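Trainee: I am new to this structure and would like a close look at a single part, the aromatic rings. Please take me through them slowly.

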Amino acid sequence: MAKFVIAGKADCPYYAKAELLADYLQKNLPDFHIYKIVQHPDIWEEWLKDVCEKNKWSHRSSPIIWRELLDRGGKGLLLGGYNEFLEHAQLYYGVTSSMSTQLMMVIAKENLKAHIEKEVEGESQQDLVSPLQVWITSATVPACYHLIPILTSGEVFGMQTEISLVLLSSKHMEDSLQALVTEAEDLASPLLHKVSICTKEEEAFCGAHVIIILDDPTDREVFSLEECLRSRVSLCQRYGNLMEKNADASVRVIIAGKTFVNLKTFLLMKFAPNVSRNIIAVALGVEGEAKAMLARKLKTTPSYIKDVIIWGNISGNNYVDLRKAKVYNYKGAICGPPGYSQPVLSLIFDSEWVKREFVETLKNLSVTGKHFGGILAAHSIATTLKYWYHGSPPGEIVSLGILSEGQFGIPQGIVFSMPVKFEKGTWVVLTDLQDIELSQQIMARMTNDLIQEKLVALGDLEIYQRYKSETDLPKVYENFIVPKVYENLNEQKFSEEHKGSMYSELTTDEEKELHLSNVDFLDMIPQTTSEKLHQESSNDSEG
């Protein structure tokens, strides 16, 4: 049996002539078989070079023809080009070709057209079955290790959705990435189409449908909070530009981590404006830690506690709001049917615990970053993605870091954690919730930190100073931090208009000219403060 492989450019007339001669021989000789390889003219030279290097052949034109040694195995035997094939047919089979040059050119054009149509059709079919492209940055951190099994289980994207994972990190982490790839493949998950690594930043996010941004390792030593803030800008700018350039137009970006989560989310929105609507920050880690503490106090299960709201800076100065928190299936003096719930604050009789131990514990976890360890981080990211794709449980409040548009009196242009619900592939801010207004002092604490982080990172402010009290603030903040009684309506109207203008653009000249005194670096680290909850917890317990 003779098997010949005929390969050539789609628009090559000599390939067309060799192809027709081979078709004739295959039709009339029972032991003569051919296999055709057609390449687009743009990639022909590179393809031919690779084939010749692999088989140690020397050939530079189209077509190239070789014989497969089916009876003996091993590499094929090079026959040559069109002339050599024609001589072989004449010598062994007594057959030749008398095709005219004009006909050869016509067939070559038809071959090119057919090849292009076939490529387009193949791409269309591949799009119908193409897996979801999921990219994970800083993929060697512990959170990624715990996240991969959840993503490949079908719990997040659905049991019918295949995914391709791409793990992104720096070149010197390549060995660790390869080890992680091996473990992921060992899962033998039917939904894991492929797992690969990327160590070239310029190739990041190619075709990405989902991008998960984890904590980035600091490559250089920093000696001040200001330097630490500014060091985030460069990476976020590069990532933002790559998202705009390489990612799918409908890409969804989710940011998680222990440090400056709100700031990194804002910077990515700034440098990737076309996908900014689809960039969010995970707040469920703080929410989960608060639920676990409440469950231990009430001697119940954390999953039974719902509607804890996280306001503000996810990895810094935030406010844990219990006014809407409920507990289901609570075994107490009062029991109800399935679905019956009771307010959490009505079941905690130790108000001092809420004011002190609860607040101080969450504060320490926020400062150290322990509230977002590997397991909790992975679960929080996966749950947020699941809600984003399939919707959150009906009637349940979810905390999410998004860009403020002025809801709840929050200044526009900062990323702020607030209550939302997920539905139909997006989120909706729950502005219709009753009795969740925040005091001016609590709002001032959280917004002051976020505004200063933003200004310092962008170089519009030289020194960062955390919020102390209303009397310590510069006059530029007075109108929207200190409660004020107006003498007449005209004065009230003027102040509200002035406040609105300040909210509309946070990087005003007045803010850039703020005079801030030097403070100790450790004191400047954004953290959940006890004072903000001490002043509100009594109101919470009464409410």
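Mentor: Before we turn to the rings, note that 70% of the contacts in the protein chain with a separation of 6 or more are between residues 24 or more positions apart, a contact being heavy atoms within 4.5 Å. This is a predicted model, in which local features need pLDDT of at least 70 and side-chain atom pairs count only at pLDDT 80 or more, while totals for chains, interfaces and linings use all residues. Residues are numbered from 1 along each chain as its sequence is written, and side-chain values use heavy atoms, with hydrogens and water left out.

The structure holds 14 aromatic pairs; rings of Phe, Tyr and Trp (its six-membered ring) pair if their centres lie within 6.5 Å, and planes under 30 degrees apart count as stacked, over 60 as edge-to-face and the rest as tilted. In one of them, the centres of Phe-4 and Phe-85 are 6.2 Å apart and the planes stand at 65°, so this pair is edge-to-face. Because Phe-4 lies in strand β1 (residues 2–9) and Phe-85 in helix α3 (residues 82–93), the pair ties together parts 81 residues apart in sequence; strands (E, at least two residues) and helices (H or I, at least four) are DSSP runs, numbered from the N terminus. Both Phe-4 and Phe-85 are buried, meaning under 20% relative accessible area with a 1.4 Å probe, protein chains only. Trp-353 and Phe-358 have ring centres 5.4 Å apart and planes at 40°, so their pair is tilted, and Trp-353 and Phe-358 are likewise buried. Returning to Phe-4, ring pairs link Phe-4, Phe-32, Phe-85, Tyr-92 and Tyr-93 into a cluster.

Technical notes: Buried means under 20% relative accessible area, exposed over 50%, partly exposed in between (1.4 Å probe, protein chains only).
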